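Dear colleague,

I am handing over the structure we spoke about, and I would be glad if you could look at it alongside the notes that follow.

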Amino acid sequence: MTTDLKTTCLHDLHVGLGALMSPFGGFDMPIQYSGIEQEHMAVRHKCGVFDVSHMGEVVVTGNDAQRFVNHIFTNDVTAMPDGKILYGMMLNPEGGVVDDLLVYKRADNDYLLVINASNIDKDVQWIERHAENFDVDIDNQSDRWGELAVQGPDAEKTMSDILGIDAADLSFYTFKTIGDMIVSRTGYTGEDGFEIYASADVIRDYWNRLIDAGVQPCGLGCRDTLRFETGLPLYGDELADDITPLEAGLGIFVKLDKPEFIGREALISQKAEGPARKIVGIEVEGQAIPRHGYEVLDADGNTIGSVTTGYHSISLDRNIAMALIAADHAALGTRLQVKVRRKVFPATVIKKRFYTPNYKK
């Protein structure tokens with residue numbers, strides 16, 4: 001392991017379980033334990049637990065906290081009740097995505113922002129720079145929290161058994177504070193899912209309880225295959241500084257009727273003109289597996305974009321991908337081609353939600 005990689009509070013436990021470790025977002029993280037396919041199917045049909053302690057947590061408090069969060073966030077926090085969570089993005093002035101994140105409202109003028117591990121330093125600098133004219137305190141607490149994600153159809157029962165709470169009380173995209181611990185219900189797999197945020201000692205204790213109870217430990221490998229099958233974006237693939245939410249098909253999380261937020265004007269213009277590019281789903285014929293960066297061609301062989309994420313779907317047994325392509329080729333049923341190494345394979349535009357999610361509403 002490279003010495004400059006960070007580790008989570010569960011690192012030694014992953015190694016002890018024989019996990020395959022690899023760098024991700026500046027951390028040495030478990031990619032798989034028993035195998036990506038087995039872990040993937042455990043989450044689809046039973047329950048799995050992920051170490052996501054690499055994620056970042058930034059707390060925004062102060063008299064202007066609500067106004068400030070609304071200024072840097074595409075969704076609208078003004079009507080949020082305490083205990084509610086919203087998904088959205090922080091944008092640059094050109095409308096590109098600085099990061100996608102979850103906003104937890106803990107109380108009036110007290111918000112927890114959960115950000116991506118690979119963007120923690122960049123995001124904190126961005127947030128602090130834009131907070132200068134607001135009466136707010138920005139507290140980067142990323143090193144103080146560990147986080148577990150418990151995902152799958154059996155997640156509710158598992159959480160109730162392990163935590164000794166009635167997990168059914170939590171509805172989708174809400175959370176509750178239990179002592180110094182936060183328990184939420186969001187998920188990033190297309191299945192019902194919960195998150196536990198707590199100190200290192202508490203996270204280690206609950207991880208061990210879950211493993212002892214027979215819950216499948218899962219690595220980031222199947223986290224990617226699971227989120228991909230349900231069309232969920234990953235920063236660095238479907239979202240980036242030069243990809244807007246409208247291009248990514250995430251306009252539902254952008255409230256252009258808000259008076260202002262960073263990037264609003266750029267998105268208003270883009271919406272009026274229509275995005276020139278769009279993220280679409282594609283299915284590739286034959287044995288070719290599309291991978292990130294592979295060229296996407298139109299029927300005449302002209303390059304019109306590239307694959308953002310691609311796999312042989314474990315749940316569906318099909319070769320599928322998400323790709324960022326020219327918008328005039330994005331209609332469902334459009335015939336395309338994907339260049340895999342030196343060969344070109346036929347492909348068709350399909351819905352990018354390849355697998356029907358099973359969230360608890």
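In this predicted model, Ile182 touches Tyr104, Arg106, Leu112, Trp145, Phe175, Lys176, Thr177, Glu195, Ile196 and Tyr197, leaving aside residues up to four places away in sequence. Ile182 also belongs to the largest nonpolar core, which has 44 residues, and it is listed there with Phe50, Tyr87, Leu102, Tyr104, Val114 and Leu239 as touching the most other members. Two or more residues of this core come from each of strand E5 (85-91), strand E6 (97-107), strand E7 (110-115), helix H7 (220-229) and strand E17 (319-326), and the largest share, four residues, is that of E5. Apart from this core lies another one, of 28 residues, among them Met21, Leu148, Met159 and Ile196. As general background, nonpolar side chains in soluble globular proteins tend to be buried together.

Three of the strands just named recur in a sheet. The sheet is open and has five strands in the order E5-E6-E7-E4-E8, with antiparallel pairing. E5 and strand E8 (137-140) stand at its edges and have a single partner strand each, so that one side of each is left without a neighbour in the sheet. From one strand to the next the twist averages 30°. Within the sheet, E6 and E7 run antiparallel and are joined by five bridges, and Leu102 has Val114, in E7, as its bridge partner; both Leu102 and Val114 are also among the residues that touch the most other members of the largest core. When you look at the strands, it may help to recall that in a regular strand the side chains alternate between the two faces of the sheet.

A second antiparallel pair is formed by strand E1 (residues 20-24) and strand E2 (residues 27-32), which are joined by five bridges. These two strands form a hairpin with two residues between them, and Gly25 in the turn has a positive phi of about 60°. The bridge partner of Phe24 is Phe27, in E2.

Turning to the helices, how many residues of H7 are buried? Ten of its ten residues are, so far as the model shows, and H7 is accordingly described as mostly covered; the buried residues include charged ones such as Arg223, Asp224, Arg227 and Glu229, as well as Leu220 and Phe228. H7 is followed by Gly231, whose phi is positive, near 75°.

Helix H2 (residues 36-45) packs with H7 at an angle of about 50°, and their axes are 8 Å apart, which makes H2 oblique to H7. The crossing in which H2 passes H7 is right-handed. On the side of H2 the contact is made by Ile36, Glu39, His40, Val43 and Arg44, and on the side of H7 by Gly221, Cys222, Thr225, Leu226 and Glu229.

One last residue deserves a separate entry. Thr158 has its place in helix H5 (residues 155-163), and its relative accessibility is 13%, so it counts as buried, the limit being under 20%. Leaving aside residues up to four places away in sequence, Thr158 touches Cys47, Val150, Leu210 and Val215.

With best regards

Technical notes
Residues are numbered from 1 along each chain as its sequence is written. This is a predicted model: local features need pLDDT of at least 70, side-chain atom pairs count only at pLDDT 80 or more; totals for chains, interfaces and linings use all residues. Side-chain values use heavy atoms; hydrogens and water are left out. A nonpolar core is a set of buried Ala, Val, Leu, Ile, Met, Phe, Trp, Tyr and Cys residues joined through side-chain atoms within 4.5 Å. Buried means under 20% relative accessible area, exposed over 50%, partly exposed in between (1.4 Å probe, protein chains only). Contact means heavy atoms within 4.5 Å. Two strands pair if DSSP finds at least two bridges between them. Axes are lines fitted to C-alpha atoms, for helices over the stretch in contact, and angles run from 0 to 180 degrees between N-to-C directions. Angles under 35 degrees count as roughly parallel, over 145 as roughly antiparallel, 65 to 115 as roughly perpendicular and the rest as oblique. A crossing is left-handed if the near helix is turned anticlockwise from the far one by less than a right angle, and right-handed if clockwise.
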